[in-house]
Amino acid sequence: MPPKLTRAASLLALLLLMQCVDPLRRNFDYDDNLLTVEGFITDDSPVLVTVRNTRSTKSTSFLQPISGAKVEVRSKQGLVLPLRETSNGVYESDPNFRGLAGETYSLHLDLLNGQKYVSTEETLVPLRAEASYSTVFNPRISVTYQNFNQQKISSLDVFADFNDPADEQNYYFWQTRLFEQQNICLTCTNVEYNTRTQDCNPPPPSPPQPSIFYDYQCDGDCWEILGDERINIFSDALINGKDVKGLLLRQVPFYNGRGALLEVTQYNLSVGAYRYFERLKQQVETSGTFVDTPPAPPVGNIRNVNDAGELVTGYFGAGGKSVQRIWLDRRNYPSPLIVSMLGREVLEAPRFDIIKVPCRASSTRTPIKPIGWQ
Amino acid sequence: MKQTLPLLVLFISLLSTPILAQKRPPGKSHLVRCVLSDSLTGEPIVNGIVQFNYNNAGLYTNKVGIFETFYPEGEVVLTIRNLGYRTFFTKFDLRRDTTLTVRLLAVANELDEVTISTQSVEQGIRKPLLGVTRLNIKTIKNLPAVMGEVDILRSLQLLPGVTSVGEASNGVNIRGGTVDQNLMLFDDAPIFNPTHLFGMFSVFPPDAVSSMEVYKGTTPARYGGRAAAVMDVAMANPSLDQFKVQAGIGLISSRLTVEMPLIKQKLGLLVSGRGSFNDFLFKYGPPAIRGIRANFGDAAAKLFWVINPKNTLSVSSYFNTDFFQTELLGGVDNIVSESTQFQFKTLNFSAKWFHAFTPRLDMQVVATQSDYAPSILLPETTSDNTVEIMSRVLHRQAKANLNYTPNDAHKIEIGASAVGYLLNPPGRLNPGTSPSVNAIELPGEFGLELAGHVEDEFRATRWLTVMAGLRYSYFMDVGPGSRQAYLPGTIREEASVTGVTDYARGEPMATYGGLEPRLGLSLKLSERASLKGGYSLMRQYMQVISNTTTPLPTSRWKTSDAHIKPQVSRLATLGYFQSSKNTIFEYSLEGYWRETDNIVEYKPGADFLLRQNIETQLLQGQSRAYGIEAMATKKKGTTTGWISYTYARVLNRVDEGPSFLERINNGDWFPANFDRPHSFNLSLTTIPNKITTFSATFTYASGRPFSAPTGVLRYQNRSIPYFSLRNQDRIRDYHRLDFSLQLNNLTEKDRRWQGHWVFTLYNVYGIDNQYSIFFKQVGTGFRPYELTVFNAPIFSVTFNLRNMR
């Protein structure tokens, strides 16, 4: 193409959709006190319910686990299953309990403040269309890191294929957890690590610009657990009874050139639960153009018995479940773009080889080798 | 009706002039003879309008630019005008037979840009209609246009009371009305989607448009079916005596218009087309936009036949098409596709027969059909197949009007109309050869609207003119179909269905109707000042169902049914008008208050796609809009233009029950998407010499509302913004300055072709106006982003050409 025409073309292209998406520096004045109850009863695992309060004020929010609540699952057949608080705000059933296919369950909560909550009834429908998964190498995707840096990186795209049964409405939901080997267990910003307090030193009065990072190695094996960045739901409203091929679930970036483990949990949802996750998805998966569905409170199926106007988020669902673990081998791909989980090079702290920081177990990190790790 | 006025005038002229000219009427009358010609070329002006004493009925000059009539002795104010010429006024005492030789100045050559006006000068004081705006296409063509595309809707937004949600807006909002509450007519046939490329350009081919009238206040009784305003765009009539060609080449689109007299003075044809075919260039652009495809086109044709002096017939057709593909717009959930394409087609027909019984009584019969078919195309990732989601709106109307002018004091109109609404299908999923998608077809919706109206515009006293109209409309939702019943006192949702009633073909499923009074009063305070008031009630039986900032071309239309009640809007207006002594300046101050019942809002998290029983996703409520509009216009001189300020609010309230699914913002009043309290517009056009026209427009408006998070929600280990309120925050205020320079090539006036260049600079100082603020997941948190559109100056050039002989 002659240079003149190229110039004209890029001019036109620039003109016709001269639009720009930029991060916005603006704080929002929050003022909400929100109860979130999440739980799922399946035929494959015990019941786990979390009860939390999110208090948002000014432009920050605090997560407060709600302890001391009386939490029960009741079935239509008369079963009353009390849940025991195993950690702050986390309530679990007997580890041997499994939900029964076809049975209808509801959740009942009595909080210490006297408020009573109840969920709608959910029937446990077993999973009938278990998906199979495949991966495709994607040479370049764009990833936004926690520090808002955008980086180009290669990825393995994970797709689901399944055959939807024809005789019923099906609502699918996937949750994935990515296990990545973690070498850096702590990063201190502008200060060094204090072995005595086992934490970073307090921040200096006048922090340098730009900030200086000190990365510290893990003491022993450590795995980072990365949750979903998107909500994967699918309804067969438009495809009932047909085969679904190539549904993208997750893009796994090349944080290193070795391997990673993806744990994929597939659930069967009720229509109510599906609508809840659909609303949740609409909160953040938007593009800003006018085709966006406007955000709406993701209120689930839990109601305050005494106050119909209180909005409670979260969902108590029932359904079949299946877990698959996929080993993602990143070797043998032609010149992939690799960027570490930090989004930058490791910046070795002074005494990098000597000071090692323990890998503390949490919902995002584990020192225990995950099942299926190769 | 406004379009029929010239015709009415024509026929009075054709019928009565020969008689009058030949026979001197009894009483003291004198012959008035006028020879009308173009001041520059000296050519006679055919069909120039001549009016006596501001009377609506007037005369037309004949083929050689001459008219003759007898007129009673006394003081005479003569107004002579023709489209594209500066209007000529003269006042004299008619004591003897008089001959005037008038050479009209062509606006293109000289001065006077009187063309956007709240009222034309001579009507401004007396006419009882409030809030009528007439836009001449010539004025619109002089205004700076984005990328050089002349655009009626964008120009309209420079007027007080007309706003939109922003740059990409599929229509305009007039005095608190939603986009679909405007009745938008193109040669009497309604337009269901007024813009190309998601609001970028309006669908009216500029060379096929002669004028546009906007009724934002009192609406004449002949209009109905929509709750807010009327935009009546007239297609130009072909020239009956001259072959004319106009063409234009622009950055975005190219245009061609041909007018052909098929039988001189009898039959003419106008064909106009516009198309944009430049999108192949995108693939050479930056990677981010390589996936974009955007093409549009429109074509209009009109056949105008003067059968005899008593009858004319015009038949017109309008077609438009639009295709847009981008990854920037979201896909359709649950269908695995590689991209999303939006496409729509409009095909309209209208036929108009005009018959004059006597000079004082005439009739107009109109038949129209609008066929609008939008679709979403989803090319499948795994095959060459494309899945299509489409819908189709078919609107057919037949109407007849009788206009009777018994004397100078009364102008009476009686009319009847029937509209058939056919949504067949309201939604269809066509899987093509896809093995993984099912065919879905929603049952058709049929509606019938019958209406009758009567209206009299009369002079009650010397100081008071009244327009009193009454319309009655009746709507029937007609079978075949089925209706779900819901448990009383519960939320309308699938779980509360108690039964389904089936209706046979032709059986009424729901009926609505009522009177629609229209009233306009004009109180003449002095020769140059008047006070006007008005009241209108309008009913709307078909609406667009949308939960997006502005309706999409593919948004679903829905006729009223047993669950979705028709929207009813009541508008009261009051205004003060004054013109300066020499009628150079005109000032107006108008206030309005509108209440609308049964506005359609969506439930939190509603989903409309291919959904049957859509009432489960909708809520109905009230809307309240009010505002004050101040405007000053300079109508004559080298520099013309206007300046306006508007304060306007639009608030909605939805409260169908105590549950959060039945109410919005706790049942309190909340601002509508297009509530922009302050707006300021400035438009100036200066024609310093014969070859240069320079225009500048400046616009400012308060930022539109958006929903900001009221808190944070934790899901898994992620923070997600939580929105419990709708539209409680605002984006930044909007402002923009545009320039346009038109250079006419007049050096050789005998040339066969005349060309002119239009240079446009849009957004002169490159302000990055926000279109929206939205929230995206970043890692386990989220952050706000802003979307800006046209955030740098945009320069464009258009070359236009037309034949002169």
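This dialogue concerns helix α2 of chain A and the two domains that chain A contains.

Visitor: On what basis should the model be read?

Guide: This is a predicted model, in which local features need pLDDT of at least 70, side-chain atom pairs count only at pLDDT 80 or more, and totals for chains, interfaces and linings use all residues. Residues are numbered from 1 along each chain as its sequence is written, while chains are lettered from A and ligands numbered from 1 in the order in which they are written.

Visitor: What span does helix α2 of chain A reach?

Guide: Helices are DSSP runs (H or I, at least four residues), numbered from the N terminus. The expected span is 1.5 Å times one less than the number of residues. Helix α2 of chain A, residues 271–284, reaches 21 Å from its first C-alpha to its last, close to the expected 20 Å.

Visitor: How many residues of α2(A) are buried?

Guide: A residue is buried if 20 or more other C-beta atoms, placed from the backbone, lie within 10 Å of its own. Ten of the 14 residues in α2(A) are buried, among them A:Tyr274, A:Phe277 and A:Leu280.

Visitor: Which domains make up chain A, and how many residues does each give to the contact?

Guide: Domain bounds come from an automatic or database domain assignment. Chain A is divided into domain 1 (27–124 + 272–318) and domain 2 (132–270 + 320–366). Two residues are in contact if their C-beta atoms, placed from the backbone, lie within 7 Å. Domain 1 of chain A gives 16 residues to the contact and domain 2 of chain A gives eleven. On the domain 1 side, the largest share, seven residues, comes from α2(A).

How values were computed: Buried ≥ 20, exposed ≤ 12 C-beta atoms within 10 Å, placed from the backbone.
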